[in-house]
Amino acid sequence: MKFSEAKVNGLFVATLLLILAGSVLNLTLLPVESRDMRDFLVPWLRYVKEHGGYHALARGFSNYFPAYNYILVALSYLPNVVPDAWLIKLSAVPFEWFAGLTAYRITAACRGKDELGPVWGSRSIPFLAIVLLPTVILNASAWGQCDIIYSSFLLASVYHLMRQNPWRACFWLGMALSFKLQTILLGPFVLLMLLQRRVSVVQLGVVPLIV
């Protein structure tokens, strides 16, 4: 019994250390300045700040979909404690965690379970596979991109299709499409779900309403 408890505690500590290491890596990459950050994202946020926050939405200041512009507007109201580039990068980090937790729930659903439970030890593998993936960390914390945002929504859409919740699946699909057109890469899967009658045309009508 004592060995079992020691093993459990060890797995918990190991998981916690890995999560901490990933968080530290995210923070160390914040000073990295990519071309997109310098030439587009940071100037967009500064434009929003200089034009009254949400009032800037009346003008076309970016070439991203409107949903991302709403994030920039929200960031413009935050205190000027950290550099604008850091704000943009940090805004994507919560979606890394959301994607990791959704990946965890997908694997749990594949095992016929759907309770969250403690996400540590062997349970934490799907979560850690997302939040510690180099491309995920670099995309947000180094390059300041928002790909993890729409990707996390796509994962949520797949999860709810697996759980036979087509309305929720279509909601998350619409959310993903409202951020990036690359969402259409999930098109073949959605078509298959449509042919198998796991989602209907009426339910898919939610997608353009959200976009």
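This report walks through a few features of a predicted model: its salt bridges, a buried residue in a loop, and a nonpolar patch on the surface.

## Salt bridges at a glance

Let's start with charge. Side chains of opposite charge can pair when their charged atoms come close. In this structure there are five salt bridges, and a few of them are worth visiting one by one.

## A pair within helix 2

Helix 2 covers residues 35-50, and both R35 and D39 belong to it. The two are four residues apart, which is about one turn of the helix. Their side chains meet in a salt bridge, with an N to O distance of 3.5 Å. R35 counts as exposed because its relative accessibility is 62%. D39, with a relative accessible area of 35%, is partly exposed.

## Pairs that link distant parts of the sequence

Further along helix 2 you will find K49, which forms a salt bridge with D84; the closest N and O atoms are 2.5 Å apart. Since D84 sits in helix 4 (residues 84-90) and K49 in helix 2, the pair ties together parts that are 35 residues apart in sequence. K49 counts as partly exposed at 26% relative accessibility, whereas D84 counts as buried at 13%.

Another salt bridge joins the side chains of D147 and K180, at 3.0 Å from N to O. D147 lies in helix 8, and K180 lies in the loop between helix 9 (166-177) and helix 10 (187-195), so this pair ties together parts that are 33 residues apart in sequence. Both D147 and K180 are buried. Elsewhere, R35, R38 and D39 are joined into one network by salt bridges that share partners.

## A buried loop residue

K180 also leads us to Q145, since K180 is one of the residues that Q145 touches. Where does Q145 lie? Look in the loop between helix 7 (134-142) and helix 8 (147-162).

Is Q145 buried or exposed? Its relative accessibility is 12%, and buried means under 20%, so Q145 counts as buried. Leaving aside residues up to four places away in sequence, Q145 touches D36, L41, Y64, A92, N139 and A140 as well as K180.

## A nonpolar patch on the surface

Finally, turn to the surface. F12, V13, L16, L17, L20 and V24 form a nonpolar patch there, and together they have about 550 Å² of accessible area. One of them, V13, lies in helix 1, which spans residues 2-28. V13 counts as partly exposed because its relative accessibility is 42%.

Note on methods:
Residues numbered from 1 in each chain as written. Predicted model: local features only at pLDDT ≥ 70, side-chain atom pairs only at ≥ 80, totals over all residues. Heavy atoms only, no water. Buried < 20%, exposed > 50% of the residue type's maximum accessible area, 1.4 Å probe, protein only. Contact = heavy atoms within 4.5 Å. Patch = residues over 30% accessible without salt bridge, like charges linked within 9 Å, V, L, I, M, F, W, Y side chains within 5 Å. Areas by Shrake-Rupley, 256 points an atom, 1.4 Å probe, with all protein chains shown as cover. Salt bridge = Lys/Arg side-chain N within 4 Å of Asp/Glu carboxyl O.
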